[in-house]
Amino acid sequence: MVVEFMNGINGFHLTGILCRACLGEITPNFRLIYWIRNEHKISLKFYLEQDDAEDVVNIQDEIVWYFTFYLEQLLEDASDDEFELTFDIIFGTEQFLNTQDLKNFDEVYRRKEVFD
């Protein structure tokens, strides 16, 4: 059963593989990266300050690809390795993470903000 199997993956696993997938890909344009898990669905959220085509391509072709690859390796020994992965890219400095309704999430990266 997918839900039971996904319960075997804890936040430490997801944070670790997302950190690994982000190595060498984070630019100064990145503001925040986090994951949310809801049973068998994993959502990755990327906050960028500006809409930069190179960063968007790196998220899609590098970070998400490697995250999926590492997650599949983690699930390799399982009898049912199905999961649903989604990702969102949010642009702008006015966007902030609202954690009120989130139960199973973890921030992986947050840029230090300096306000003058």
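Here is a friendly conversation about helix H3, the cores and the cysteines of this structure.

Trainee: What kind of model is this?
Mentor: Residues are numbered from 1 along each chain as its sequence is written. Local features need pLDDT of at least 70, side-chain atom pairs count only at pLDDT 80 or more, totals for chains, interfaces and linings use all residues, side-chain values use heavy atoms, with hydrogens and water left out, and the model is predicted.

Trainee: How far does helix H3 reach from its first C-alpha to its last?
Mentor: Helices here are DSSP runs of H or I with at least four residues, strands are runs of E with at least two, and both are numbered from the N terminus. H3 covers residues 53–74, which is 22 residues. The expected span is 1.5 Å times one less than the number of residues. That gives 32 Å for H3, and the helix comes close to it, reaching 30 Å.

Trainee: Where is the kink in H3 centred?
Mentor: The bend at a residue is the angle between axes fitted to the seven residues ending there and the seven starting there. In H3 the kink is about 35°, and its centre is Ile 59.

Trainee: Which element gives the largest share of the largest nonpolar core?
Mentor: A nonpolar core is a set of buried Ala, Val, Leu, Ile, Met, Phe, Trp, Tyr and Cys residues joined through side-chain atoms within 4.5 Å. Buried means under 20% relative accessible area, exposed over 50%, and partly exposed in between, with a 1.4 Å probe and protein chains only. The largest core has 22 residues, and Ile 63, Phe 67 and Leu 71 are among those touching the most other members. Its largest share, seven residues, comes from H3.

Trainee: Why is Cys 19 not bonded to Cys 22?
Mentor: A disulfide is a pair of cysteine sulfur atoms within 2.5 Å. Cys 22 holds the cysteine sulfur closest to that of Cys 19, but the two are too far apart for a bond, at 6.8 Å.

Trainee: Is Cys 22 buried or exposed?
Mentor: Cys 19 is partly exposed because its relative accessibility is 33%. For Cys 22 the value is 4%, so Cys 22 counts as buried.

Trainee: Which residues does Ile 89 touch, not counting residues up to four places away in sequence?
Mentor: Ile 89 lies in strand E3, and its C-alpha is 7.7 Å from that of Val 56, 33 residues apart along the chain. Contact means heavy atoms within 4.5 Å. With those sequence neighbours left out, Ile 89 touches Phe 46, Leu 48, Val 56 and Ile 59.
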